[in-house]
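This report describes selected local features of one protein model. The sequence and the structure are shown below.

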Amino acid sequence: MILEALKVIIYGIVEGITEWLPISSTGHLILLQQFLPLNVTPEFFEMFKVVIQLGAIIAVMILYFKKLNPLDKQKTNIEKQETLSIWKKVVIATLPAVLVAPLDDLLEQYLMNYYVVAIALIAYGVAFIYIERQNRDVTMATLEQLTTKTALFIGMAQVLALIPGTSRSGATILMAVLLGTSRFVATEFSFFLGIPAMFGLSGLKILKFGFHYTVDELFILIIGMLVSFVVSMIVIQKLVNYVKRHDFTLFGKYRIALGIAVLVASFFL
């Protein structure tokens, strides 16, 4: 059990890092499961790789609690309205994911393979590099300037994350930047959009798996979420500071390298 605990800690660290960076947590967990497999059933792992993200999402809710709390007594009426406006945009952006959520199992059944993951990693990596080399006009430098229409298009991009290897944060950040938001706004809105998306998807996975956990499975799930929570608390703040001074080119290059690694790995598995 000690060995499994160490494995789960590694999984939690990887999840906590990759959930927020636009580099695909799915691609990393797939590689991890092949080279450092957990001693669990395939059904449990399918649920685990999604529900472990709850730890990361709770980190966002804590770090941004004040900003996302419309009932904060220290806020002025204008600030409260701005907070409600953010939530309105998040809800609108979540609607496309709600509509296609029933297709999750079907898409995973047919698309969950190394080649799809590798292609998605590489394609989005190239897209990030290409976009960063273009001269873009930033028309939305704050969340308040983010339009409802833009939020909806970002939500549509989030649906693409159902394709393994795409990365939810990668798809939403890329679309936001394409539509004229600053990197900072794209990153923060992607954080907020992950709250309903990940809670909803995790809920579906839990219901599908059921509540018949063994003691070992419950231990693995709790430890994984706790570690991803702690790591996310650090990574989120680091990423926000990073995008204030740098672009996403580095992440694009990393995605391409990881995609190639997935392809190479597929020949040996």
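Which residues form a nonpolar patch on the surface? The answer is given first, followed by a helix and two loops of this predicted model.

## Nonpolar surface patch

Y115, I119, I260, V264, F267 and F268 make up the patch, and their combined accessible area is about 720 Å². Two elements, α8 (114-132) and α13 (249-266), give two or more residues each to this nonpolar patch.

F267 lies in the segment after α13. Its relative accessible area is 65%, and because exposed means over 50%, F267 is classed as exposed.

## Helix α11

Helix α11 covers residues 183-209, a run of 27 residues. At 1.5 Å a residue it should span 39 Å, and the C-alpha atoms at its ends are 37 Å apart, so the two values agree.

Within this agreement in length, α11 has a bend of about 35° at G194. A proline, P196, follows G194 within four residues. After the helix comes G210, which has a positive phi near 95°.

## Two serines with positive phi

Most residues other than glycine have a negative phi. S24 has a positive phi, near 75°, although this residue is not a glycine. S167 likewise is a residue other than glycine with a positive phi, in this case near 85°.

S24 is placed in the loop between α1 (2-18) and α2 (25-35). The loop between α9 (148-159) and α10 (168-178) holds S167. Both residues fall under the 20% limit and therefore count as buried: the relative accessibility of S24 is 1%, and that of S167 is 9%.

## Surroundings of S24

Which residues are in contact with S24, leaving aside its neighbours within four places in sequence? They are T18, L121, G165, T166, S167 and R255. The two serines described above are thus in contact with each other, and each lies in a loop between two helices.

Of the other contacts of S24, L121 falls within the residue range of α8 (114-132), and R255 within that of α13 (249-266). These two helices are the elements that give two or more residues to the nonpolar patch.

Methods
Residues are numbered from 1 along each chain as its sequence is written. This is a predicted model: local features need pLDDT of at least 70, side-chain atom pairs count only at pLDDT 80 or more; totals for chains, interfaces and linings use all residues. Side-chain values use heavy atoms; hydrogens and water are left out. Patches are made of residues with over 30% relative accessible area and no salt bridge: like charges are joined within 9 Å, nonpolar side chains (Val, Leu, Ile, Met, Phe, Trp, Tyr) within 5 Å. Accessible areas come from the Shrake-Rupley method with a 1.4 Å probe; for residues, only the protein chains shown count as cover. A salt bridge is a side-chain nitrogen of Lys or Arg within 4 Å of a carboxyl oxygen of Asp or Glu. Buried means under 20% relative accessible area, exposed over 50%, partly exposed in between (1.4 Å probe, protein chains only). The expected span of a helix is 1.5 Å times one less than its number of residues. The bend at a residue is the angle between axes fitted to the seven residues ending there and the seven starting there. Contact means heavy atoms within 4.5 Å.
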